[in-house]
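Work through the following exercises with the sequence and the model side by side, and try each task before reading its solution.

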2 protein chains.
Amino acid sequence: MLDFWFEFASTYSYVAAMRIERECARAGVDVRWRPFLLGPLFAEQLGLHDSPFNANPLRGRYMWRDLERLCEKHGLDWRKPSVFPRHSVLAARVACALSGKERGPDAVREIFRANFALDEDISDPRVLAAALRRAGVEPGPVLERAVSPEVKQQLRAYTDEARALGIFGAPNFVVRGDLFFGQDRLADAIESATLRD
Amino acid sequence: MLDFWFEFASTYSYVAAMRIERECARAGVDVRWRPFLLGPLFAEQLGLHDSPFNANPLRGRYMWRDLERLCEKHGLDWRKPSVFPRHSVLAARVACALSGKERGPDAVREIFRANFALDEDISDPRVLAAALRRAGVEPGPVLERAVSPEVKQQLRAYTDEARALGIFGAPNFVVRGDLFFGQDRLADAIESATLRD
């Protein structure tokens, strides 16, 4: 069992989201998808109300180059988003509303694709509806549930859990409380999950 | 050809330094060892006069746990240094003084081991002398050359080159100007060097 902690605004979370299901399935490791919001954590931990990649342009420049390279390596569509980071609260609530649903991972991937392959505004419910449809999910009921008090509370609970795990960025893979930060640590996390499961 | 940019105070540089020669040799990729100082870059880029791992305790906590895990994975000795980060100017000058020498990489590894496996103060010339001896290098002439104007200038030139490459952390692997940041990107860098060499 491996928990995948992702943030829809995060470029490296996109790469991880597109890779994780196949690579975990190959190793026989179950994945739990855990959306959370990085914004509140950055604000608390760094006093930052923007992406660290914007706050530090050098890291930003490297990240954009790296993403291009990683997407090529993993065969992923990539278009540098015209707005970064995008507001991801509604998208994260949609992921919560889909939790446990069969097409949940498909829908999560389509939302990531909207942001990073199609350069669409994932805070727009119409963009999210189109992404859900591409994943074979009827958008109406999901979008409605996404703004229910229960789902809002679920996302807050996930973000609280991320904080308690010591999370300070995205994506993360967690195996029995042990944190692996960064999409490039997926193989290590899978190995750890395989050893201990 | 791959340039390995390392900083003796950097924990992840230790892991990279211990891995790089074997993994590059296996792929038939030549390595150029490039010591530089992160301190001036952190000061310029972040206004920071400490390690970012100290400035952000959460990242620090993760890093120490991660290092333990990485050293176990790669079969490396590890003792959490009682002082972090250690002053690395003299050690970096020693690496410059060894540049091109046959036992240079051995000596670099022994200096890293002094810091991260033996918990020794690598700003102390006696510690550096012992590390050089363990690498089969006569310390006297090297330590003398390390404080010559030529070697001091060489280290400044490397740090300038690191800045010009857009380096903002350590370790880095550079393949024809393309930067790979972090020890976990060694395989990607080697693959890139193999493809283009």
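**Exercise 1: a core and its surroundings**

Find the residues that Ala91(B) touches, leaving aside its neighbours within four places in sequence. Solution: Ala91(B) is in contact with Phe8(B), Ile111(B), Ile122(B) and Leu128(B), where contact requires C-beta atoms, placed from the backbone, within 7 Å. This is a predicted model, in which local features need pLDDT of at least 70 and side-chain atom pairs count only at pLDDT 80 or more, while totals for chains, interfaces and linings use all residues. Residues are numbered from 1 along each chain as its sequence is written, and chains are lettered from A in the order in which they are written.

Next, place Ala91(B) in its core: together with Leu2(B), Val94(B) and Ile111(B), Ala91(B) has the most contacts inside the largest nonpolar core, which has 59 residues. Such a core is a set of buried Ala, Val, Leu, Ile, Met, Phe, Trp, Tyr and Cys residues joined through C-beta atoms within 7 Å, and buried signifies that 20 or more other C-beta atoms lie within 10 Å of a residue's own. Helix H1(B) gives the largest share of this core, eight residues; helices are DSSP runs of H or I with at least four residues, and strands are runs of E with at least two, numbered from the N terminus.

**Exercise 2: two strands and a crossover**

Determine how E1(B) and E2(B) pair. Solution: strand E1(B), residues 2–6, and strand E2(B), residues 31–35, run in the parallel sense over five bridges, pairing being assigned when DSSP finds at least two bridges. Within this pair, Phe4(B) stands opposite Trp33(B).

Technical notes
A residue is buried if 20 or more other C-beta atoms lie within 10 Å of its own, exposed if 12 or fewer, and partly exposed in between; C-beta atoms are placed from the backbone. Two residues are in contact if their C-beta atoms, placed from the backbone, lie within 7 Å.
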